[in-house]
Amino acid sequence: MTLFNRLPLHKQVNEIVGDFTSLILVEIDNTVPESFIGRAKRVQQQLWQDLDHIHVNGVQVLRELAKRQKNRQRALMPIVFTSTLTLDFDQNTGLPPLGEIVHSITQTPQVWLDHQVSEEKGSLLFNWDAIDELFPDKMLDDMFEAYCGLLERLAVSETAWLDTTTDALLPQWQIS
């Protein structure tokens, strides 16, 4: 997960222009079936625990894991999640909006799928940047369709938040 990590190391740090983005690894355990709300609460709790270790960023952890692996395979965390849902850029910067986003792409080495979420004028915006060649044909399309379907169900149905079946996450055509 990306993290804006401007540490207060100097009294003028807030006057520096730069990219203070770092990565934090967040453990996601999906081995136990549970409701969406239960899983969200558990992941949020895990995130708070992981944020206690922001002085060691995800890249440092991955490098250390790679050193410790006996067979020297690369340590790999191929999914990145970036959210700016809680940021109000206009209030924080005092600047007017820069305009409409027409095209956007992220290209981070060793990342297979970069998921970004934001809000604009009360609407949820989300997109995936992925390396298509790393996935079987149509897999990304099916995954994105399932994700969009889940978001739609969560937006219109209170029971979707409590459903523990995996069928709730699948597109209708995949349910047998």
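**Leu162 and its patch**

I looked up Leu162 first and found it in the segment after helix H4, which spans 139-156. The model is a predicted one, and I read every value below as computed from it. I then checked whether Leu162 is buried or exposed. Its relative accessible area is 57%, and the cut-off for exposed is over 50%, so Leu162 counts as exposed. Leu162 also belongs to a nonpolar surface patch, which it makes together with Ile37 and Trp161. I noted about 270 Å² for this patch.

**The chain as a whole**

I went through the secondary structure next and got four helices and five strands. In sequence order I wrote the pattern down as β-β-α-α-β-α-β-β-α. The chain has 176 residues, and 19% of them are buried. For contacts with a separation of 6 or more, I noted that 48% are between residues 24 or more positions apart. The exposed area of the protein chain is about 13900 Å², with 57% of it supplied by carbon and sulfur atoms.

**Salt bridges**

How many salt bridges does the count come to? I have two in my notes.

One joins Arg42 to Glu34, with 2.4 Å between the closest N and O atoms. I looked up the accessibility of Arg42 as well: the relative accessible area is 28%, and Arg42 is partly exposed.

Another joins the side chains of Lys67 and Glu64, at 3.9 Å from N to O. The cut-off is within 4 Å, so I count this pair as a salt bridge. Both residues sit in helix H2, residues 58-68, and they are three residues apart, about one turn of the helix. I compared their classes: Lys67 counts as exposed at 55% relative accessibility, whereas Glu64 counts as partly exposed at 31%.

**Asp129**

I turned to Asp129, which lies in strand E5, residues 123-130. Asp129 is buried and has no salt bridge. Which side chain of opposite charge is nearest to Asp129, and how far away is it? I found Lys138, 18 Å away. A salt bridge needs the nitrogen within 4 Å of the carboxyl oxygen, so Lys138 does not make one with Asp129. I did find a partner of another kind: the side chain of Asp129 makes a polar contact with the side chain of Gln116, at 3.4 Å.

Note on methods
Residues numbered from 1 in each chain as written. Predicted model: local features only at pLDDT ≥ 70, side-chain atom pairs only at ≥ 80, totals over all residues. Heavy atoms only, no water. Patch = residues over 30% accessible without salt bridge, like charges linked within 9 Å, V, L, I, M, F, W, Y side chains within 5 Å. Areas by Shrake-Rupley, 256 points an atom, 1.4 Å probe, with all protein chains shown as cover. Helix = DSSP H or I, 4+ residues; strand = E, 2+ residues; numbered from the N terminus. Buried < 20%, exposed > 50% of the residue type's maximum accessible area, 1.4 Å probe, protein only. Contact = heavy atoms within 4.5 Å. Lys, Arg positive; Asp, Glu negative; His and termini not counted. Polar contact = N/O pair within 3.5 Å; in protein donor to acceptor, adjacent residues only side chain to side chain.
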